[in-house]
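This report covers the arrangement of chains in the model shown below and the build of one of them.

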Amino acid sequence: MLRMAEKIRDRLETSHNVKSNTIAENTEKSDVKITVIDYVESGYEEYQVDVENIEDIAKYKATPSITWINFEGALSVETIRALGEMFAIHKLTLEDVFSREQRPKKDIFEEEGYIYIVIHNLGFDENSKEVKKEQISIITSYNIVITFCEFETKIFDSVIGRIKKDGKIRKYASDYLTYALIDVIVDNYFDIIEKMDDHIFEIEEAAFKSTDVKVVEDIKNSKTQLTKINLSVKPLIEVFSSISKTDSKLIRKSTKNYYRDIYDHVVRIEDMIETERENLSDIFSVYESNINLKQNEIMKILTIISTIFIPLTFIAGVYGMNFVNMPELEWKYGYYFSLALMGIICVIIIYKIRKMKWI
Amino acid sequence: MLRMAEKIRDRLETSHNVKSNTIAENTEKSDVKITVIDYVESGYEEYQVDVENIEDIAKYKATPSITWINFEGALSVETIRALGEMFAIHKLTLEDVFSREQRPKKDIFEEEGYIYIVIHNLGFDENSKEVKKEQISIITSYNIVITFCEFETKIFDSVIGRIKKDGKIRKYASDYLTYALIDVIVDNYFDIIEKMDDHIFEIEEAAFKSTDVKVVEDIKNSKTQLTKINLSVKPLIEVFSSISKTDSKLIRKSTKNYYRDIYDHVVRIEDMIETERENLSDIFSVYESNINLKQNEIMKILTIISTIFIPLTFIAGVYGMNFVNMPELEWKYGYYFSLALMGIICVIIIYKIRKMKWI
Amino acid sequence: MLRMAEKIRDRLETSHNVKSNTIAENTEKSDVKITVIDYVESGYEEYQVDVENIEDIAKYKATPSITWINFEGALSVETIRALGEMFAIHKLTLEDVFSREQRPKKDIFEEEGYIYIVIHNLGFDENSKEVKKEQISIITSYNIVITFCEFETKIFDSVIGRIKKDGKIRKYASDYLTYALIDVIVDNYFDIIEKMDDHIFEIEEAAFKSTDVKVVEDIKNSKTQLTKINLSVKPLIEVFSSISKTDSKLIRKSTKNYYRDIYDHVVRIEDMIETERENLSDIFSVYESNINLKQNEIMKILTIISTIFIPLTFIAGVYGMNFVNMPELEWKYGYYFSLALMGIICVIIIYKIRKMKWI
Amino acid sequence: MLRMAEKIRDRLETSHNVKSNTIAENTEKSDVKITVIDYVESGYEEYQVDVENIEDIAKYKATPSITWINFEGALSVETIRALGEMFAIHKLTLEDVFSREQRPKKDIFEEEGYIYIVIHNLGFDENSKEVKKEQISIITSYNIVITFCEFETKIFDSVIGRIKKDGKIRKYASDYLTYALIDVIVDNYFDIIEKMDDHIFEIEEAAFKSTDVKVVEDIKNSKTQLTKINLSVKPLIEVFSSISKTDSKLIRKSTKNYYRDIYDHVVRIEDMIETERENLSDIFSVYESNINLKQNEIMKILTIISTIFIPLTFIAGVYGMNFVNMPELEWKYGYYFSLALMGIICVIIIYKIRKMKWI
Amino acid sequence: MLRMAEKIRDRLETSHNVKSNTIAENTEKSDVKITVIDYVESGYEEYQVDVENIEDIAKYKATPSITWINFEGALSVETIRALGEMFAIHKLTLEDVFSREQRPKKDIFEEEGYIYIVIHNLGFDENSKEVKKEQISIITSYNIVITFCEFETKIFDSVIGRIKKDGKIRKYASDYLTYALIDVIVDNYFDIIEKMDDHIFEIEEAAFKSTDVKVVEDIKNSKTQLTKINLSVKPLIEVFSSISKTDSKLIRKSTKNYYRDIYDHVVRIEDMIETERENLSDIFSVYESNINLKQNEIMKILTIISTIFIPLTFIAGVYGMNFVNMPELEWKYGYYFSLALMGIICVIIIYKIRKMKWI
């Protein structure tokens, strides 16, 4: 997977000539869903395009309307190359779209006339308590927005809804659409972290009560998940800070406020992640103290039992000796005397222990 | 709550048409208190405006006097939209005012002609030892200051007092009023931290004495509270640093010194928070050492008891054996000899223990 | 104390009218010592001014000589307001001089024509091992230096001495005098840290030897003191870095080298503080290891005693059983055999323990 | 090794005169492999040059074609000096090529007309789990790329393959070739970290199960390896950030995008390293908790055994006393009574222990 | 020592008049060694100057040759003052040369026409494992380099050697000589760290094997030494970064590459120091785990012995009871039965322990 960049490049460069693996690619294609939404302020049209007729997309390119092309699923090298030629997309962008292991980033291709944004759509699996990550690539040109999602996703449904309704969104240009798409993705991060927070609260409760090793496992897993989220969120601070200040004509001046709003959200999410991390560290400290306290508890019980019975057993041992001449043994109430002695010692020890507030 | 941004936007955009949920909104409105204070150097007027007659506010807009409109309580979407139109406030600002989950920040809307500041008013609950947070939004235009408080609050009472008295405050422009409002909020942070400090001092005393798990709970809770305060205070450093250096005409040059003064306070508060955090870490270390010392104490007692009595019990065991031929048993003073032997061993062991400074 | 800023402002603003608390203020005044030193290259004059004749100071204002006015003790609001008017000092500076809870900082009031520097004079109480802090405010104008010390202090004695002697100091302007004053304060920090270092060295020695909880207390206290010093020193880095690079005409170009020299010192002090902090952390680690090692030691003794005597006691127990048919009991040398058996077992166990290097 | 810089300089400077150690140098030479690849868009040529005929290389210098000269193995001072003269390379670059202990860096020698890049080629030894490092020096001039590898390496094979195939690479200039070479090296880092990740996953599994000291050794070793990788990767962030923004004519504008792509990769690798480090810290915490839990387990067993048997043994001891007058001993069912008593006590203790959830 | 800055100033300023302590100063002088090396490309001259004839140095000042004056040993105030006048050195530089407690730094005195660099020459005492520090001050003017070493030192011998040989060094100007001097000092840091590294490796081996408190002492001492080195090295990053970018005419453009080379070295040394520090932290963790593991080991032995013998001793106790009616006692093979019972129990317990992998 990791050396994919290398492989992609080879395939992108060689696919002119070698077309042998067409079948495999066709299989790939069948999973891809392509939605084209074309709108002006007064109305919109929606099409489903089949991946085999990818060249059909070209016709939306020249129109003055805003065109949003959404790809869901893994595209073949063929298709990506075709798109690259159709929309004059830089080779490096094509590689990044294909590789699906990118760090969130923005690349402004001023000459080619588009902004390329990589962002991660996150999900939270309630059972495994694990964060799932999907790379979404967004190419924003003057009238066209192209999005590539790794899998079929419902994340953009609310944006589609707002376009279809007589919403304000249709009044704005393509950079606002891109903002709207990113906004739903980033808004979703709050949900993920809220779910993480619930889970971490459960762990905290467990850490105060139990010394089960499962607590450690849960803490460790939650830390890993937070790191995962952080790897997706942290680079966005830089991305949106610089987009909201960019001089590029691709982002209209009036739209920059919206990107600054996303920036504000991303910074707040970072704060939350940082808070949860500290929280987990503190929970681990609680857990460790708890183990130590439990050990003190165990030690106390052992010490109490030993401290009480070891002296008593010693006395019993003394009067169990077989010396011929042991006056106490002959006493009439020697036995009762010995029991009383034991009782007194026992009381003294318990008194001392109580004074030390052990029981 | 977190996906609210999304919902607000929908409502703000759609409320033109859909007016079905008016009743619920009316219920909301009944809690809102609106105070308008209008002043020039020579005098002032104060009004209470009912939320249903929100349009009455418009008439204070055009006057050359300084107008401060203070909203206390949760505003309905309706009202916010109306205000937005009345004062030409940007959609994003309206969303932020409504959402009440903002990070402290400043947005300068140069074109729209206002500065928008989000700041948190903090409170400290002495019982639960928890910090309460309330978002306060401040919109400062050339002659108008609009403040939105989540709840009814007394924090601005001293400012109102100073306006009513023949104070200097009436000589200054709206940016100075904003400074005065922020100043009382920030001054209040010192109080909060002082109360936290008292509480942390109690925890410290407990940590030196007790190994109760409550100490850990208290430390953890205090850390959480400090993090909460920090999330409200830290962003302010950036906010006031940049306001005190801004080129915007919305802040007069002579007022910048005052904002720099707030900046100084905020930095000092950050120092205090950092100091308290370190303090809590150190207290936790003390607590952990204390647990370990206690364990050593317990172990010592167990070891002393065992070290003294186990050898003695062994000797008693030896003379309790039933061999036919055991000369000592026949000795006249065998019993006393054995007791003396035990006594000597006991003395030696105690001497050794004393030499190790255990008792 | 913390809300003082608020109160000061009120008093400064209202003292025009309300003069009821004059007596209390007079009491305050009686503690204040005011020294005026007026010098040119060829000579100097020194006066003690009574706080009630504060207006006498005004006459030194207009002279071309360098005038240094040193206030020691807590000034009344009255006096501060009078000084503010006399020397055209900004309201915020007056508040800061009065409040005595400032973070070290510099404010350049270009228009008003002065630099305002807040710095802390530190002391070290050898008994309580605590750092004492005193705020010193320095206002440097073209020919005038005004210093405000919270208490009577000897820190400036060496500067006064150098002025009185035919030293070079009289050749320089007011910015050099300010440098000289700050230099003695900063030099004194080295002394404080050296004393701290001696104390920390004692703690280190204790940490290697003892597990007494006093070590933890000392470590914690020393950390707190270092944090205190740090809060006074760290802001100075920024202060002197920016003064030594300032474009303000208030600092002559030739004097900037001297401020850079102070900057170098402050950075070195910061290094020292950082080193001492790390040192304390390491000492705490040593202490913790020491507790654990001690516990191992205790555990070893318990285990050695138990491992030796428990098997022996078992053998004695066996031969203490009352079975009718136990051949060994009848053996002539059965007793000696059993003692030998115990001896052999004892030797084997001790040999094993020695092999594990426990004793 | 470390003082080599010094020695190299001496040798480089003195080798004019002193030629005594020629034999040793010849031995060195025999290991060096020199490959020259000379290409234009329409074709390429490849030569192997013997180190003794090093001056043959000069003839490729003047051609308009792109010339890549790849040295594998340790060069003698002689050869390096000869190359230095042939290609006008700065003395400091020659030293760095020779010393093989450089930190990754780039030096732009604008006047001399080349960029010098030091980068480390990393390998991972699956047996020792250790990272191997090899310094690669790349000198990029307008038509010439010279690479120096410490050892024979296969890392560049894929680039050679792409040049030989009718790939696009031959269309670009020397700065693109350099990019391609660096790209394969950086891509390889992903492999190394993936292997590290597998190994760390094994350690994690071990840490949850075992308290063997080998876990600590493995964690420590892995940390060391990550530090090693980090030392090679971290400086690259600065290197490629600045190359992708450089104004130097040595890097064409269109190629900068490619260097920014490497920059993106390097930043992602840094993220991964950081993640693995945190992971190792967490694993160590798990391991430590595990040790503590195991100790609690051991303590519990000891305490359970002691708590059950010590009281029972005491009762047996009581009825083993030899008092003449002990009524129970005479009872017909005294023995059974005592056994029952022991049984009841035993049941109570086990019941209590169970209630504490120990077993 | 620390207040020395103050004292020096006093002496420097007052020494015009007060000359009473001449004898003490003469004593000081006798230790000082002054070497003057005067060279042009074609040759060199070397002189030893007696400190009493310090004015002799003046004659080398005006020559066009490069003059290097090296002072070894502690100079008297007299001498320093004389030098200051002879070479027009700023008072602050003289103070810094004298005080010997400077942080490494560079001061560019553009007007006075020299660069002043403070750097530390480090040594490593193999016995005490301690780092020794010596301040070296270097003043570089256009034709003159003056160096002040605290003690006699061999560190510059190799540079002297290169000047005496027909090396390239004589071709360059004074800024290159300064580079050469600094280079040998910085190169020496690598040696120091290599020696530290060997020592740390020994500590690491000890930490895996032993729980001796000496390991902690060694770790702590090594940390202190690394901190010491760091205090000398870290400021150099800033120093050489800024020298290699300076606009000052004192450093020729062609020489800047050399200073950048030193910068590279210093950064690498910082990396090494950081790596060693992390290493020591990890070693301490290993050591702590080791203590805990040892404790587990001790606890296991105690628990094994107790778990085996306590139940057996109980059985022996039961059959040692003196009840009249105890059938087993009368059995012919009762004794053997009891031994067998004990044997079986013993086997079961050992089997259980083995299953838990304790032995």
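In this predicted model, chain B and chain D are not joined by any contact, and their closest C-alpha atoms are 9 Å apart. Chain B and chain E likewise share no contact, with 9 Å between their closest C-alpha atoms.

Chain A and chain D, by contrast, do touch: 41 residues of chain A are in contact with 43 residues of chain D. On the chain A side, the elements that contribute two or more residues are helix 1 (4–14), helix 8 (213–243), helix 9 (253–318), helix 10 (327–330) and helix 11 (334–355) of chain A. The most comes from helix 9 of chain A, which gives 16 residues. By residue class, the side of chain A that touches chain D holds 19 nonpolar, eleven polar and eleven charged residues.

The chain pairs are set out below.

| Chain pair | Contact | Value |
|---|---|---|
| B and D | none | closest C-alpha atoms 9 Å apart |
| B and E | none | closest C-alpha atoms 9 Å apart |
| A and D | present | 41 residues of chain A with 43 residues of chain D |

Chain A itself has eleven helices and seven strands. Its radius of gyration is 35 Å, whereas the globule rule gives 21 Å for 359 residues; the value is well over the rule, so chain A is more spread out than a compact globule. The C-alpha trace of chain A spans about 120 × 50 × 30 Å along its principal axes.

Of the 359 residues in chain A, 42% count as buried. Among the contacts in chain A with a separation of 6 or more, 69% are between residues 24 or more positions apart.

Technical notes:
Residues numbered from 1 in each chain as written. Chains lettered and ligands numbered in written order. Predicted model: local features only at pLDDT ≥ 70, side-chain atom pairs only at ≥ 80, totals over all residues. Contact = placed C-beta atoms within 7 Å. Helix = DSSP H or I, 4+ residues; strand = E, 2+ residues; numbered from the N terminus. Nonpolar A, V, L, I, M, F, W, Y, C, P; charged D, E, K, R; others polar. Rg over C-alpha atoms; globule rule 2.2 N^0.38 Å. Buried ≥ 20, exposed ≤ 12 C-beta atoms within 10 Å, placed from the backbone.
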